[in-house]
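Colleague: Got a minute to go through this model with me? I'd like to start with how the copies fit together.

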Amino acid sequence: MIDFITLCDYAGTFAFAISGIRLASAKQFDWFGAYVVGLITAVGGGTVRDMLLNATPFWMEQPSYFIVSGLALLFVLIFRKYVIHLKNTFFIFDAIGLGLFVIVGIVKTLDFGFPMWVAIVMGTITGSFGGMIRDIIINEVPLVFRKDIYALACVIGGMAYMLCLQTNLPSAISQFIAAATVFIVRIIAVKYHISVPVLKGEE
Amino acid sequence: MIDFITLCDYAGTFAFAISGIRLASAKQFDWFGAYVVGLITAVGGGTVRDMLLNATPFWMEQPSYFIVSGLALLFVLIFRKYVIHLKNTFFIFDAIGLGLFVIVGIVKTLDFGFPMWVAIVMGTITGSFGGMIRDIIINEVPLVFRKDIYALACVIGGMAYMLCLQTNLPSAISQFIAAATVFIVRIIAVKYHISVPVLKGEE
Amino acid sequence: MIDFITLCDYAGTFAFAISGIRLASAKQFDWFGAYVVGLITAVGGGTVRDMLLNATPFWMEQPSYFIVSGLALLFVLIFRKYVIHLKNTFFIFDAIGLGLFVIVGIVKTLDFGFPMWVAIVMGTITGSFGGMIRDIIINEVPLVFRKDIYALACVIGGMAYMLCLQTNLPSAISQFIAAATVFIVRIIAVKYHISVPVLKGEE
């Protein structure tokens, strides 16, 4: 079970890093800068969560996130021409990672003794703030708040977890259901172009 | 007294959230994204302060800030056409909130044992960093450092508090004077179009 | 020895603040806003490091960073016309400060009991995140990841320190060598226009 979760974590980190590296490359970042943006995309959400929880940022405990982000950079460098054709694969990885990141954020926050609503907020931060910081660094208006259902998918997954906890399901099953909810909401939102309505300005 | 302060806190949170939601809507954010920007505008300054103080962020202790920001979103959605006519009301609420936020930031920092100059810095961060982060997310150059007297009003209020503490005034009175100073400086700056001079570039 | 280090710290703070103030003035910031951007440029990297380490931000312990940044603002105001001719002086100061900031970040992180690779990351954050946050606030794509060798110079200096620690050199000498490495890499990169290659996008 741990192996499966670690695998999902690496897949998500890889996909998040790829998205950061690709968007940075479109803005003329150098290799090193693109690597940093990829890394921040992958670990940024969890880092904000850990700073809010007053915990040691998770990536300071083992170098694997730096290594996986490095592999993502290598991948983009070597397979530059094919990366665009792998769009769907990255999207699946990204959705898997998102589901996992949300659950990790929720479980860690509950472990720290906070109530469920704080945990759902932290799960959402874990899943979506990496992408938000990425877009801030590359000087774009954050995608996560404008297109498809992204940040909201994290909230929905968190609510699914809250419901599961009120049953007698084993916690591993509850976590799986919640992560799967995030995953499925994302897939459906993208496949059927479902978005939260744009808030019309007054002008 | 506590009720009056809570009321000011809610009015300020509401006005800060409205400003975030309106600016986000002008950038095609969806409802959920606009809500997040409104919320970050309202709690961002205090969150940075609490992270610098190594304290648990204030909004993790009770959900009222999330609820008030939600009401602000509802308000913008329902009264879209009238929001612009309420400009002056929002401005008053914003100035009240600013005064309160600055004092809360100063008092909390002094409670943590830091000297007065750190407290004034923290009061200024509490009052102005929410708006700065808002402008960073919507991809604009921060208004708080360019127009009218905003961040500087926080500093002036903090200095008023420092002066009051050197008298024998009861602390509630000192706090009221300081918050009123922030409020009045803001009102006067906007009414008479007083700005800190722009720093002219070289060349 | 302490005096020499303090001097380097002030020179670096001054040069970092000048860079923030000048870039802010090009964006029509007012005096106070330019001061804040200068200050954040100077202390931003160390502040992020201290928040990640769960330490009290270094600038909260003494007001010297605020004073040096204020002197930088005064300097720009008074010598506006000559500032551009001092480009090379500022560049030298900046490179000295960068070397020092990297070492301070590494030593502090090792003191907190983290392994060497975390310390190198923290040294790089200390040296480069101030400039990154500066560029985010003034709404530009961060220079540190696009031009010359900046963030990477921090990593190279960190690696030099790691190598030195494996010899029997006194720690002051190791620190000097590492800071000098950062300094020299920066000088050479700028003098000979050496950059990390831009990551080509796929389009």
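Colleague: Which share of the interface residues of chain A are also interface residues in chain B?

Modeller: Only 13% of them, so the copies meet through different surfaces. Bear in mind that this is a predicted model.

Colleague: And what turn lays chain A on chain B?

Modeller: A turn of 120°, with a shift of 0.0 Å along the axis. The RMSD for that superposition is 0.0 Å.

Colleague: What about laying chain C on chain A?

Modeller: Chain C goes onto chain A by a turn of 120° and a shift of 0.0 Å along the axis, with an RMSD of 0.0 Å. That is the relation of a three-fold axis. Here the copies use different surfaces too, as 13% of the contact residues of chain C recur in chain A.

Colleague: OK, and the scores? What are ipTM and pTM?

Modeller: The model has an ipTM of 0.91 and a pTM of 0.94. For chain A the mean pLDDT is 91, and 98% of its residues reach 70 or more.

Colleague: Let's move to helix packing. At what angle do the axes of α7(A) and α8 of chain A cross?

Modeller: Roughly 150°, and the axes come within 8 Å. An angle over 145° counts as roughly antiparallel, so that is how α7(A) and α8(A) run relative to each other. The crossing itself is right-handed.

Colleague: Which residues make the contact?

Modeller: On the α7(A) side they include A:A153, A:I156, A:G157, A:A160 and A:C164. From α8(A) you get, among them, A:S174, A:I177, A:A178, A:V182 and A:R186. By type, the contact of α7(A) with α8(A) has eleven nonpolar residues, four polar and one charged.

Colleague: And α5 of chain A with α7 of chain A, how do their axes cross?

Modeller: At roughly 55°, coming within 10 Å. That makes α5(A) oblique to α7(A). This crossing is right-handed.

Colleague: Which residues meet there?

Modeller: A:L98, A:V102, A:I106, A:V107 and A:L110 from α5(A) meet A:C154, A:G158, A:Y161 and A:L165 from α7(A). Eight residues in this contact are nonpolar, one is polar and none is charged. Notice that A:C154, A:Y161 and A:L165 also take part in the contact of α7(A) with α8(A).

Colleague: Now chain C. How far apart are the axes of α2 and α5 there?

Modeller: In chain C, α2 (residues 31-52) and α5 (residues 87-111) have axes 11 Å apart, at an angle of about 15°. The pair is therefore roughly parallel. Once more the crossing is right-handed, for α2(C) passing α5(C).

Colleague: What does that contact consist of?

Modeller: From α2(C) there are C:A42, C:R49 and C:D50, which meet C:F101, C:V104, C:G105 and C:K108 of α5(C). Sorted by type, the contact holds three nonpolar residues, one polar and three charged.

Colleague: Changing topic: what is phi of A:Q28?

Modeller: Near 65°, a positive value in a residue other than glycine. A:Q28 sits in the loop between α1 (2-25) and α2 (31-52) of chain A.

Colleague: And where is C:N54?

Modeller: C:N54 is in the loop between α2 and α3 (64-78) of chain C. Phi of C:N54 is near 65°, again positive in a residue other than glycine.

Methods. Residues are numbered from 1 along each chain as its sequence is written. Chains are lettered from A and ligands numbered from 1 in the order in which they are written. This is a predicted model: local features need pLDDT of at least 70, side-chain atom pairs count only at pLDDT 80 or more; totals for chains, interfaces and linings use all residues. Side-chain values use heavy atoms; hydrogens and water are left out. Axes are lines fitted to C-alpha atoms, for helices over the stretch in contact, and angles run from 0 to 180 degrees between N-to-C directions. Helices (H or I, at least four residues) and strands (E, at least two) are DSSP runs, numbered from the N terminus. Angles under 35 degrees count as roughly parallel, over 145 as roughly antiparallel, 65 to 115 as roughly perpendicular and the rest as oblique. A crossing is left-handed if the near helix is turned anticlockwise from the far one by less than a right angle, and right-handed if clockwise. Contact means heavy atoms within 4.5 Å. Ala, Val, Leu, Ile, Met, Phe, Trp, Tyr, Cys and Pro count as nonpolar, Asp, Glu, Lys and Arg as charged, and the others, Gly among them, as polar. pLDDT is the predictor's confidence in each residue, from 0 to 100. Copies are superposed by least squares on the C-alpha atoms of residues with pLDDT of at least 70 in both.
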